[in-house]
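Open your viewer and get the selection tool ready. We will walk through the chain stop by stop, with a note on what to look for at each one.

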Amino acid sequence: MLNESHVELLLLSGFGELNHLRYLYFSITCIGYLLILLLNVSIFSLICAKPRLHQPMFIFLASLMLNTLIGCAAFYPKLLDNLLREVQLISRTSCLLQAFFVHMNVSVEWNILTVMAYDRYAAISHPLTYHSLLSSSMVYRLLAAAWLFPFAANMCLLSLSSTLPLCASKVSRTFCDNRSITYLLCVDISVISLMELVFASTTVFLPLLVIFCCYVKILSVSFHLSWSSRANKALSTCIHHLVTYCSFVTSIVFEVIQPTLAGKNLPHQFRVIMSMEGFLLPPLLNPLIYGINWPTSKTASDRCSDRRTGLYM
């Protein structure tokens, strides 16, 4: 058992033996990160620069891109640095900060996707009162809640974990997260585990319930529209959000099943890629989903502003 005062550096053992492939992995990862930066900064900058895009759905989208940029900034630079090193070490403070931002990224993204689902519900189920339901003040209150609750919850976990002694220094992943740090503690972790469970329940299941209810109502309203073309148009506005949501849920599923795959006879590279999927697929896919149809989205947005129906994107 290690003396707690000596555990200042942690070993990220999830990389395995990189050997001569480290430069290939570094090049691929670097290109991926630069592409993520290019796509997300482009969408975010365009929304900020165009006043006519300062509408609820686009504001939520800009917040989603910003969250992606912050999360990736906490993940990729250290990953790139470790890929070039023989031994992948990280200080305890840096590990705690990375875990904080990783969990912040997941929680905030889930919350933003939830308010985007509510936006679609308001636009389709209440088109005439859409701008009243999602006024500017309401939009910013929803975004404040989406960011501040995860910040407060993760700050509590960070503060608690940072004061407890460590009895081990080996993190069996390529990055730090709360669960990995908790396993290194010398003390009983039941309180921290309970806090994580409560936090996860409110972060995952409550938004999931809201999204489910929103889409049940959307489908109900769509099927009761008089003309099928109107129903198709209403449903088509949700496709972007649904694809984004599904890619995010896929990354969450990969993360949840990681412990069950530890003892399986799977290639190490495959398990490493799966563990990082949340920072690979959604950051690349999200801006592409909205960017591919960007001209159509702008036209629809302008048309909605004129007709005040709220059916855009």
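Here is the tour, starting with a word on conventions.

This is a predicted model, in which local features need pLDDT of at least 70 and side-chain atom pairs count only at pLDDT 80 or more, while totals for chains, interfaces and linings use all residues. Residues are numbered from 1 along each chain as its sequence is written, and side-chain values use heavy atoms, with hydrogens and water left out.

**Stop 1: the sheet.** Select strand E1, residues 9-12. Helices (H or I, at least four residues) and strands (E, at least two) are DSSP runs numbered from the N terminus. E1 belongs to an open sheet of 3 strands with mixed pairing, in the order E2-E1-E3. Now add E2 (89-91) and E3 (170-171): these stand at the edges, each with a single partner strand, so one side of each has no neighbour in the sheet. Two strands pair if DSSP finds at least two bridges between them. E1 and E2 run antiparallel over 3 bridges, and leucine 10 has isoleucine 90 in E2 as its bridge partner. E1 and E3 pair in the parallel sense over 2 bridges; here, look for leucine 11 opposite lysine 170.

Show the side chains of E1 next. Leu10 and Leu12 make its covered face, and Leu9 and Leu11 the uncovered one. In a regular strand, side chains alternate between the two faces of the sheet.

**Stop 2: helix H2.** Select residues 56-83. At 1.5 Å a residue (times one less than the number of residues), the 28 residues of H2 should span 40 Å, and the end C-alpha atoms are indeed 40 Å apart. Centre on cysteine 72, where H2 bends by about 35°; the bend is the angle between axes fitted to the seven residues ending there and the seven starting there. In H2, 22 of the 28 residues are buried (under 20% relative accessible area, 1.4 Å probe, protein chains only).

**Stop 3: methionine 104.** Jump to helix H3 (residues 92-125) and pick methionine 104. Is methionine 104 buried or exposed? Methionine 104 is buried, with a relative accessible area of 9%. Try a distance label to isoleucine 70: the two C-alpha atoms are separated by 9.4 Å, though the residues lie 34 apart along the chain.

**Stop 4: helix H7.** Finish at leucine 209 in H7, residues 190-223.

Key: Buried < 20%, exposed > 50% of the residue type's maximum accessible area, 1.4 Å probe, protein only.
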